[in-house]
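I set out to record, entry by entry, what I looked up in this structure. The entries follow the order in which I consulted it.

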Amino acid sequence: MTATEPVVETDVPTRRISVTVNGERRVADVEPRLLLAHLLRQGLALTGTHVGCDTTNCGACTVLYDGTPVKSCTMLAVQADGHEVTTVEGLGTPSELDPVQEGFATEHGLQCGFCTPGMMLAARALLDRNPDPSEDEIRWGLSGNLCRCTGYQNIVKAVRWAAEKEAK
Amino acid sequence: MYPSRFRYEAPRTLDEALALLAEHGDEAKILAGGQSLVPMMKLRFAAPGVLVDINNVAGLGFHEETPGGGLRVGALCRHVDLEHSTVLPGAQPTMAAAAPLVADPIVRTRGTLVGSLCHADPQGDWASVMLALGGSVVAASRRGRRTIPVGEFVVGTFQNALEHDEIAVEAVVPAAQGVRSGSYLKLERRVGDFATAGVAVALESVSGEIVRAGIALTGVGPATIAATEAAQALVGSTLDPDVVDRAAELAAAVARPRTDHRGTADYKRHVVATFVRRILTAERAPAGAAA
């Protein structure tokens with residue numbers, strides 16, 4: 001082995017999983033301790049899912065798991081076997097953004113953008129449950145997602161913007 | 001951060017899960033919602049050799065009323081199921097008040113009530129609520145089932161009374177002796193932070209007179225605290241102001257908070273008294289005079 005070769009342990013038992021990610025079936029051999037966030041980012045190169053605090057606080061890693069928002073740093077990749085995962089890459093397309101994405105762009109619901117993918121997926125799940133949330137309901141609904149730039153004002157506006165667009 | 005290596009098992013039936021526990025003993029750990037266990041494994045506070053994921057076991061996600069105003073909550077009933085429950089409002093006011101205050105909205109989609117009881121964190125909301133309600137945990141093993149009162153189930157900080165081969169399969173709220181009322185209040189610096197202090201009050205009354213009361217405290221001691229004397233002071237009363245004041249004092253007296261970055265011990269004790277008074281005063285208001 002040369003110094004440049006990665007150190008790979010070959011005797012570690014892995015498990016074959018099949019996950020539908022953004023509508024596409026993906027198969028991977030994973031160690032049970034691999035976190036869902038790392039399967040997405042490193043295994044599938046979907047780096048839109050951000051790992052912020054890595055301690056279940058910040059919500060930056062939020063993805064939809066069978067349509068329900070979860071913190072992907074706090075789930076094992078093996079738990080996604082047979083399930084559907086939606087990341088920010090699957091929320092919309094550049095030519096056809098999800099109304100939540102349009103709302104964040106229009107209302108400037110971000111500054112650095114680090115919390116934005118998780119924030120938007122949590123907002124998507126919120127609107128799916130409650131299509132016409134009040135400001136208070138939006139603030140409570142997104143309270144598992146932390147933003148350190150915006151003070152949340154424009155994020156709330158962005159979600160309202162999306163709600164109003166979808167009501168039309 | 002990664003957990004230590006472990007063997008992963010995802011049984012499809014409770015019998016299979018129980019067999020795995022019987023085989024692996026204290027090497028094995030049950031994974032339900034995982035919202036406390038996975039972070040602890042990532043921090044290497046927990047390093048089980050075998051992880052038994054029960055999320056594929058059917059029939060554990062329920063919560064349902066039982067005759068006489070009781071409730072059963074299955075091991076995979078998530079906080080969010082209770083938050084949006086059609087069963088709890090009216091029937092279980094203390095639980096209905098607590099459900100939206102547990103952790104944060106994303107954690108609530110995975111975490112479970114039974115898991116929270118098992119985790120036995122003194123900051124956990126459900127242990128206080130279930131203690132106030134006089135609830136129990138049903139533990140299953142290949143040897144059979146037993147019902148453990150929550151007061152005996154939570155034996156210390158992060159310690160529960162389960163044997164190594166047992167799974168907590170459900171939590172039970174007993175039938176009510178009267179009309180239920182009560183609430184849960186929690187002070188936290190921000191959503192998702194550990195509680196500075198929390199108070200659960202569960203009352204049962206007949207014609208306005210309290211026939212059973214439970215008060216329990218979150219985050220103000222090394223384990224969830226039952227304020228038994230405070231609750232006893234309410235029985236037989238109609239929550240007159242002097243009785244409410246007495247209960248608030250007694251509850252604050254059994255709190256054993258520590259001064260930390262969330263506040264001084266005196267402050268937390270004051271919060272406990274205030275919350276007890278606030279809940280009881282609100283309970284009295286509808287039945288009392290308009291004044």
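**Entry 1: two loop residues.** I began with Tyr152(A), which sits in the loop between H4 and H5 of chain A. The model is a predicted one, and I read every value below as computed from it. For Tyr152(A) I found phi near 75 degrees, a positive value in a residue other than glycine. I noted the reason for the entry: most residues other than glycine have a negative phi. I then asked whether Tyr152(A) is buried or partly exposed. Tyr152(A) is partly exposed, because 17 other C-beta atoms lie within 10 Å, and a buried residue needs 20 or more.

I looked up His108(A) for the same kind of backbone value, and its phi is near 55 degrees, again positive in a residue that is not glycine. His108(A) belongs to the loop between H2 and H3 of chain A. With 13 other C-beta atoms within 10 Å, His108(A) is partly exposed.

**Entry 2: helix H5 of chain A.** I next followed the chain into helix H5, residues 153-167 of chain A. Helix H5 has 15 residues and reaches 21 Å from its first C-alpha to its last, close to the 21 Å expected at 1.5 Å a residue. Which residues of H5(A) are buried? I listed Asn154(A), Ile155(A), Val156(A), Ala158(A), Val159(A), Trp161(A), Ala162(A) and Ala163(A). I kept in mind that an α-helix has 3.6 residues a turn, so residues three or four places apart point the same way. The cover over the buried residues of H5(A) includes helix H2 (99-106), helix H3 (116-129) and helix H4 (135-141) of chain A.

I took Ala158(A), found in helix H5 of chain A, as a case to examine. Ala158(A) counts as buried because 28 other C-beta atoms lie within 10 Å. Setting aside neighbours within four places in sequence, I found Ala158(A) in contact with Gly103(A), Phe104(A), Glu107(A) and Gly109(A). I also checked Ala158(A) against Pro94(A): they are 64 residues apart in sequence and 18 Å apart in space, C-alpha to C-alpha.

**Entry 3: the sheet of chain A.** I traced an open sheet of five strands in chain A, in the order S2-S1-S5-S3-S4, with mixed pairing. Its edge strands are strand S2 (24-30) and S4 of chain A, each of which pairs on one side only. On average, neighbouring strands of this sheet are turned by 40 degrees against each other, direction ignored. S3(A) and strand S5 (residues 84-86) of chain A run antiparallel and are joined by two bridges. In that strand S5(A), Val85(A) stands opposite Tyr65(A). I then saw that H3(A) lies across S3 and S4 of chain A, at about 40 degrees to S3(A).

**Entry 4: domains of chain A.** I found chain A divided into domain 1 (15-90) and domain 2 (99-167). The centres of domain 1 and domain 2 of chain A are separated by 21 Å, taken over C-alpha atoms. Across the boundary, 15 residues of domain 1 of chain A are in contact with eleven residues of domain 2 of chain A. Which element gives the most to the domain 1 side? S3(A) does, with three residues. By class, that side of domain 1 of chain A has seven nonpolar, eight polar and no charged residues.

**Entry 5: chain A against chain B.** I recorded 21 residues of chain A in contact with 21 residues of chain B. The largest share of the chain A side, four residues, comes from S4(A). The residues on this side of chain A divide into six nonpolar, eleven polar and four charged.

**Entry 6: chain B.** I found three domains in chain B: domain 1 (7-53), domain 2 (63-173) and domain 3 (179-285). The centres of domain 1 and domain 3 of chain B are 35 Å apart, taken over C-alpha atoms. Five strands of chain B form an open antiparallel sheet in the order S4-S5-S10-S6-S7. Strand S4 (63-66) and strand S7 (144-149) of chain B each have a single partner strand, so one side of each is left without a neighbour in the sheet. Strand S6 (residues 136-141) and strand S10 (residues 167-173) of chain B pair in the antiparallel sense over five bridges. I closed with helix H1 (residues 14-24) of chain B, which lies across S6 and S10 of chain B and runs at about 120 degrees to S10(B).

Methods:
Residues are numbered from 1 along each chain as its sequence is written. Chains are lettered from A and ligands numbered from 1 in the order in which they are written. This is a predicted model: local features need pLDDT of at least 70, side-chain atom pairs count only at pLDDT 80 or more; totals for chains, interfaces and linings use all residues. Domain bounds come from an automatic or database domain assignment. Two residues are in contact if their C-beta atoms, placed from the backbone, lie within 7 Å. Ala, Val, Leu, Ile, Met, Phe, Trp, Tyr, Cys and Pro count as nonpolar, Asp, Glu, Lys and Arg as charged, and the others, Gly among them, as polar. The expected span of a helix is 1.5 Å times one less than its number of residues. A residue is buried if 20 or more other C-beta atoms lie within 10 Å of its own, exposed if 12 or fewer, and partly exposed in between; C-beta atoms are placed from the backbone. Two strands pair if DSSP finds at least two bridges between them. Axes are lines fitted to C-alpha atoms, for helices over the stretch in contact, and angles run from 0 to 180 degrees between N-to-C directions.
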